[in-house]
Amino acid sequence: MMTEQGDAIPVIRRLWPAEALLFRDHMLRLDTDSRRSRFGSSVSEEFVTHYAGRVFRSGSIVMGAFLDGTLRAAGELYPLSEILAQEAEAAFSVETEYQGHGLGTLLMERLILAARNRGIRTLQMNCLAYNRPMQKMARKFDADLAFDSDTVIAQVVAPFPTAMSLAEEANAEARGVAGAIFQAQRDAAGRVFEMFLPTPRAA
Ligand SMILES: CC(C)(COP(=O)(O)OP(=O)(O)OC[C@H]1O[C@@H](n2cnc3c(N)ncnc32)[C@H](O)[C@@H]1OP(=O)(O)O)[C@@H](O)C(=O)NCCC(=O)NCCS
């Protein structure tokens, strides 16, 4: 995928619970409008920090999109009951300068695959009535949209799991982990390289 920020290819992978702080920092980078769109109302930094601390509660799946090693977008999936949930809620956040480049669509594709492989049949997404990008994204996955006065509920039906869909998820995760390892090696090599660069002299 090309982005206006360069030729970075996003690494899409599941976040680990130990990465809750990456998720928090991503959420705190959302601008006021995006944060309001994500949560359906204006929320404080304290609220976001507290929310991020609880994101890996039981059964949730958080998928991240990394560009150059930084988490720039996330998709969250919350089963609506503890046992054998067939319904789940999904929510998305893409940092403002990375919106409109396909990251939300990639994350939704991955969340639908993850839901499908866990026997979840219906994904529900709540957004504000004026949130056209979210509605457009949901429509790409044949969502049914129910309009209320100021909110919209989008429902997407996930197909039944198959051996192919399980293999597809395993492959996608393996690619994501390989991408994370590659990025960590690049970062480490960059730090070593910096150690050997001459330090700029004070003027
Ligand atoms: C809604 C959101 C998740 C979409 O993610 P994204 O990466 O920007 O979306 P994509 O680039 O995958 O595009 C999805 C569709 O929306 C359209 N779209 C994206 N930005 C748009 C904009 N500013 N205005 C109109 N349409 C827009 C795209 O054209 C695309 O449709 P297309 O492929 O038919 O052209 C993202 O904008 C976001 O995080 N917004 C703030 C938080 C939020 O609203 N979350 C949703 C509620 S949980």
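Tutor: In this predicted model, a residue is called buried when its relative accessible area is under 20%, exposed when it is over 50%, and partly exposed in between.

Student: Why is Asn117 called buried?

Tutor: Asn117 has a relative accessibility of 14%, and because the limit for buried is under 20%, Asn117 counts as buried. Asn117 belongs to helix α4, which covers residues 103–117.

Student: What makes the pairing of Asn117 and Glu169 a polar contact?

Tutor: The side chains of Asn117 and Glu169 are joined at 2.8 Å, and since the cut-off asks for a pair of N or O atoms within 3.5 Å, this pair is a polar contact. Glu169 also appears among the residues in contact with Asn117 once neighbours within four places in sequence are left aside, together with Pro161, Ser165 and Leu166.

Student: Why is Ile181 called partly exposed?

Tutor: The relative accessibility of Ile181 is 47%, and because partly exposed lies between the limits of under 20% for buried and over 50% for exposed, Ile181 counts as partly exposed. Ile181 lies in helix α6, residues 163–196, and with Trp16 and Val177 makes a nonpolar surface patch of about 260 Å².

Student: How do you know that Ile181 is accessible enough to belong to such a patch?

Tutor: Patch residues need over 30% relative accessible area, and Ile181 has 47%, so on accessibility Ile181 qualifies.

Student: Why does Asp187 count as partly exposed, whereas Asp68 counts as exposed?

Tutor: Asp187, which also has its place in helix α6, has 35% relative accessibility and therefore counts as partly exposed, while Asp68 has 53%, so that with exposed set at over 50% Asp68 counts as exposed. Asp68 lies in the loop between β2 (61–67) and β3. The two residues are 119 residues apart in sequence, yet their C-alpha atoms are 9.4 Å apart in space.

Student: What is noted about the phi of Asp68, and what about that of Asp142?

Tutor: Phi of Asp68 is near 50 degrees, a positive value in a residue other than glycine, and phi of Asp142 is near 55 degrees, again positive in a residue other than glycine. Asp142 is found in the loop between α5 (132–139) and β6 (144–147), and at 67% relative accessibility Asp142 counts as exposed, because the limit is over 50%.

Student: Which residue with a positive phi follows α2, and which residues of that helix are buried?

Tutor: Gly40 follows α2, with a positive phi near 80 degrees. The buried residues of α2, which spans residues 32–39, are Ser34, Arg35, Ser37, Arg38 and Phe39. These buried residues pack against elements that include α1 (20–29), α3 (45–53) and β5 (122–128), as well as β3 (70–79) and β4 (87–94).

Student: How do you know that the backbone of the protein makes polar contacts with the ligand?

Tutor: A polar backbone atom of Phe92 is 2.9 Å from a nitrogen atom of the ligand, a polar backbone atom of Val94 is 2.7 Å from a ligand oxygen atom, and a backbone N or O atom of Gly100 lies 2.8 Å from an oxygen atom of the ligand. Because a polar contact is a pair of N or O atoms within 3.5 Å, these distances meet the cut-off. Of the 910 Å² of accessible area that the ligand has on its own, the protein covers 75%. The ligand is surrounded by 21 residues, and the closest are Val94, Gly102, Thr105, Asn131 and Lys140.

Definitions and conventions:
Residues numbered from 1 in each chain as written. Predicted model: local features only at pLDDT ≥ 70, side-chain atom pairs only at ≥ 80, totals over all residues. Heavy atoms only, no water. Patch = residues over 30% accessible without salt bridge, like charges linked within 9 Å, V, L, I, M, F, W, Y side chains within 5 Å. Areas by Shrake-Rupley, 256 points an atom, 1.4 Å probe, with all protein chains shown as cover. Salt bridge = Lys/Arg side-chain N within 4 Å of Asp/Glu carboxyl O. Helix = DSSP H or I, 4+ residues; strand = E, 2+ residues; numbered from the N terminus. Buried < 20%, exposed > 50% of the residue type's maximum accessible area, 1.4 Å probe, protein only. Polar contact = N/O pair within 3.5 Å; in protein donor to acceptor, adjacent residues only side chain to side chain. Contact = heavy atoms within 4.5 Å. Near = heavy atom within 4 Å.
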